[in-house]
Amino acid sequence: MPMLRIASRNIHLDGGSLVSGSVLCTPGEPLEFELGNRFGIDIQLPDSAHIALGRFDPHVHFREAVVPTREEVEEHGPAGVDYDQLVASIRQANALYSVRSGCLAALKGGVTAVGAMGNTPWGPVGAYRHERTQKHYTQEGLIPIVVWPRMEPGVAAVSRHEGKDFGSTFGGSGLTEDARREMFALWRHEAVSYHNDQARSYETIAEFKDRTNIDDVLLHHQYFDGETVLGCQAKTMALAEQAGLSSLLARHIPTGPALQQILDARPEKTCRLPAEIGLDYVYWYRERLLAQRRETALINYRRPAHPSHEDQLYLIELTRSAVRSGDREIFFGSDHAPHPLEAKAFQDGLPGSPGTRNIEHSLQYYLELTRNHGYSWADIDRLASINPSKHMAQYFDFPYEIGTMRSGAMANLAIFDPEQPYQVDRDKLASQLEDPHYHSALEGESGLFGKSLFTVVNGRVWDVQNEPKPLN
Ligand SMILES: [Zn+2]
């Protein structure tokens, strides 16, 4: 078996200390971990490089869908759909982005497993379609991918999994509260996650634009001002309690007050309330958007919107204190959303599809926190590796123990140099990630740091310095 021994002075242990030693990686085999200096080293890392646990990202959109047969559509829905039209729309979507490109981007960011959303045509609705989509993602994936079943009204729960509710999403299915209540009832005793944004009840974004005449760069971010998130979270937590869910995960929390609301609710609710912090909300805030190149600022709107600087600083501080107090149910998610540029263009003065590519820059976001906000490596390892991996392992069978740096565990590692300055090179990334529509909200940003060197997935070592390629 092609075993590789990689040595470093900075291996991250679970308890937070850094030690000198080496890791032995063999595809499909568990990790072997050795302290101190050894002979027979295949890759000696530079002194500044680190070996940390592989990152787990529970929130990505890889956008690819299964192409079903005519019989499958007849049997498993959706009812009344034109089969040829459905297949045409799937092929069109699949031509724009693939599971493979998503995995290459993940590898570039040190991410070794992801949870994928099913808001795709013929997505993972119901047990059959979920299993079919999961198989497809496992077959196409370069890393383990957990496909989250998509909840829909009238469709039974996928048992012992975590259903995704798109009902609250602005621009998503936009279900009424009653429809969501009935849908949640079908998931009694099961786990659910949700998007925590919604439009204002009293004013549309077009009306808001007319009233305030605000700069397009800030239009989306001022309309969804954080109050919209608080409203959606409160409503959804109440629905979850009523329905008797076992767990309700709030996705991409964008502000301090939104996280505070969930932490405050935990002692009062019978349902568990894990919290996913939106990774790029630790970097972007409104004033920073205004300072951005206009061309990129206009594609850089998110769902939910980017916070005020004050709300962002509170989010950063609260997340750090929660993880340091031993909170195991708080973690990052990137919401990697690879839309083509055309889909993001303003139409009739209003923003198009929200979301940006993010996962390939996971390391640079972590470094924003370690360099500028006093986060330790232990904080990052908890939020990006240990906690999310334990969350995902409740719903997916990994071949070995995950989220721990010890012999016998699954060999998932992020190997990087935190000292190297970083700048986005759009053309290079387009080719390295096999993503012809590549663009980045971080394009033109200065002051970024971090270079991913190797990413190890279940013992397979990928050199990710240029185009990701496996070494063993
Ligand atoms: Zn999302």
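**A zinc site and two buried acids**

Reader: Which residues coordinate the zinc ion, and at what distances?
Author: Happy to start there, with a predicted model in which local features need pLDDT of at least 70, side-chain atom pairs count only at pLDDT 80 or more, and totals for chains, interfaces and linings use all residues. Residues are numbered from 1 along each chain as its sequence is written, and side-chain values use heavy atoms, with hydrogens and water left out. Donors are N, O and S atoms within 2.8 Å of the metal (3.2 Å for Na, K and Ca), and sites may look incomplete because water is not among the atoms. The zinc ion is held by His 59 (NE2), His 61 (NE2) and Asp 335 (OD), at 2.1 to 2.2 Å.

Reader: How are those donor residues of the zinc ion spaced in sequence, and how many residues apart are His 61 and Asp 335?
Author: The spacing reads H-x1-H-x273-D. His 61 sits in the loop between strand S6 (55-60) and helix H1 (70-76), and Asp 335 in the loop between strand S13 (330-333) and helix H13 (341-344); helices (H or I, at least four residues) and strands (E, at least two) are DSSP runs, numbered from the N terminus. This pair links distant parts of the chain, 274 residues apart.

Reader: Is Glu 276 buried or exposed?
Author: Glu 276 belongs to strand S12 (residues 275-278). Buried means under 20% relative accessible area, exposed over 50%, partly exposed in between (1.4 Å probe, protein chains only). Because its relative accessibility is 0%, Glu 276 counts as buried.

Reader: Which backbone nitrogen does the side chain of Glu 276 reach?
Author: Leaving aside neighbours within four places in sequence, Glu 276 is in contact (heavy atoms within 4.5 Å) with residues including His 59 and His 252. At 2.9 Å, its side chain reaches the backbone nitrogen of His 252.

Notes
A polar contact is a pair of N or O atoms within 3.5 Å; within protein, one must be able to donate a hydrogen and the other to accept it, and residues adjacent in sequence count only if both atoms are side-chain atoms.
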